[in-house]
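Me: I am new to this structure and would like a close look at one part of it. Could you take me through the charged pairs and the spaces around them?

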Amino acid sequence: MEKFIYIFLWFFVFSIPWDESVHLFGNGTLNKFIGLVFGLVSFLLILRRREISRPGVFLVLFSVYVAWGFVTYFWTVSSPLTIARLITDVQLLLMCWLFAEIGYTPRRRAFLLDAYVLGAFVSVINLIYNYSQNNGMGEYNTRFTAVGMDPNELGLTIAISIPIAWHLSIRYKKSILSWIYQFYIFGALFAILLTASRSGLIEASIGLVFILFTLKKMDKLRTCIFIIVFAYLTIYSLSSVPEVIFQRLGTIGQQVSTGDLNDRTTIWAAGIKAFEDNPIFGYGAGAYPIEVQKFLGYSMLAHNSYISVLVERGLIGLCIYVSIILLSIWRCLQFSSTVKLLWLSVLTIFLLGTSGLTWEYNKITWFIFAMLGQWEYERRESLRPNQVGLKHNNVHPIFS
């Protein structure tokens, strides 16, 4: 039964990268439906075996973070927004807990990374299809994205998958999956270009740096093929991608040095002003748009996860959130050199991307933290010794 439930977990992770593209029953997404089924059958399994895993540092920190969000309800400036955010927080906490209960071996957790990359592949295909149909967005219909997704968020979603896909392609050398993942990387880079997301382009560049540093891990034939196809893709992009996309991407330096990052600096400045008036306790989980309204004249998300947490949950909440990030970084440093570089690349992409997006309540955020934080979970004494910890006899190569 547990293996059957793990299949639901795998498909749940698989659907995360295209969460907003398929809706069922009104506003409900397919990912939420799979998550609901997964949660129900997981609880039935836990009740049946009458035991739960011993919580580790990650889950404890996340629980404290969620608990502090509940405390902020007592002084929130917007009860409806805080309630909505707390419901999301509880769902994410349950998601991470069930990851520990069902995906408790390194091998199981590692195969979830395959699910994430293959899920991102769905969004890439969706985006490229929209491009082929000239179904764009923006003033000149020249920014492309998957159905129902913001181009900047999609850019980060795909960029996170690039170093993972490359690492998997190396580890699956003798499998057709290796070719599939390399093919995916080309599609992912082209898709990010089509989003015209400046942040997405920078994030993808970090993934390319990881590929450059680990290129020697690939055999010579595939290395040559990869370089040739990459060169071809570059030439093809220069000739086929709308010029206005390159014009937008070309403003990266100007935006960083003298620009306002599409009004983001104004929004951040309003958040800092709000923080100065209530630095310790914040204004309530999810309440950022309401609090900055008096400075901006309109409500707006923070477009920065760290400022968002700082304003909504105060210094106390930010310290807890940063502690989870530091735990993840510490975990990265425990891996061998190549895997360490992989996860540091993923975290760097994530940390950079979330400095321009409000992602502290996004599933991908907590999926990454869970993958790096839950390594310490152990099943209770019913678990066989060779199944405990990182020294599993059949560990998937991405965690070796």
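**Charged pairs and the spaces around them**

Reply: Let's start with one pair: arginine 313 and aspartate 89 are both buried. This is a predicted model, and in it the side chains of these two residues meet in a salt bridge, at 2.6 Å from N to O. Arginine 313 belongs to helix H15 and aspartate 89 to helix H4, so the pair ties together parts that are 224 residues apart in sequence. As a general point, side chains of opposite charge can pair when their charged atoms come close.

A second pair involves the same two helices. The side chains of arginine 85 and glutamate 312 form a salt bridge at 3.1 Å, N to O. Because arginine 85 lies in helix H4 (residues 79-102) and glutamate 312 in helix H15 (residues 305-332), this pair ties together parts that are 227 residues apart in sequence. Arginine 85 is buried, and glutamate 312 is buried too. There is also a network of salt bridges here, linking Arg85, Glu312 and Glu360.

Now for a third pair, aspartate 19 and lysine 363, whose side chains meet in a salt bridge of 2.9 Å, N to O. It links distant parts of the chain, 344 residues apart: aspartate 19 sits in the loop between helix H1 (2-15) and strand S1 (23-24), while lysine 363 is in helix H17 (residues 363-373). Both aspartate 19 and lysine 363 are buried. In total, the structure holds six salt bridges.

This last pair leads us to the largest pocket. Among its 46 lining residues, those nearest the centre are Asp19, Glu20, Tyr361, Asn362 and Lys363. The space in this pocket comes to about 1,300 Å³. Helix H4, which carries aspartate 89, gives the most to the lining of the largest pocket, with nine residues. The elements that each supply at least two residues to this lining are helix H2 (30-49), H4, H6, helix H12 (264-277) and H17. By class, the lining has 22 nonpolar, 13 polar and eleven charged residues.

The second largest pocket has a volume of about 390 Å³. It is lined by 19 residues, and the closest to its centre are Arg198, Ser199, Ile202, Leu261 and Arg264. Helix H8 (198-213), helix H11 (252-257), H12 and H16 each give at least two residues to that lining, and H8 gives the most, with four. Its lining has seven nonpolar, eight polar and four charged residues.

There are enclosed spaces as well: the count is two cavities of 30 Å³ or more. The second largest cavity has a volume of about 30 Å³, and its lining is made by Tyr116, Ile160, Ile164, Trp343, Val346, Phe367 and Ile368. Helix H6 (151-171), helix H16 (337-353) and H17 are the elements that give two or more residues to this lining. Its lining has seven nonpolar residues, with no polar and no charged ones.

To place all this in the whole chain, picture 17 helices and two strands. Of the 400 residues in the chain, 55% are buried. Among contacts with a separation of 6 or more, 78% are between residues 24 or more positions apart.

Conventions
Residues numbered from 1 in each chain as written. Predicted model: local features only at pLDDT ≥ 70, side-chain atom pairs only at ≥ 80, totals over all residues. Heavy atoms only, no water. Salt bridge = Lys/Arg side-chain N within 4 Å of Asp/Glu carboxyl O. Buried < 20%, exposed > 50% of the residue type's maximum accessible area, 1.4 Å probe, protein only. 1 Å grid on protein atoms, 1.4 Å probe; cavity = no way out; pocket = protein on both sides within 12 Å on 5 of 7 lines; lining within 4 Å. Points joined across faces, edges and corners; volume = space filled by probe spheres on them. Nonpolar A, V, L, I, M, F, W, Y, C, P; charged D, E, K, R; others polar. Contact = heavy atoms within 4.5 Å.
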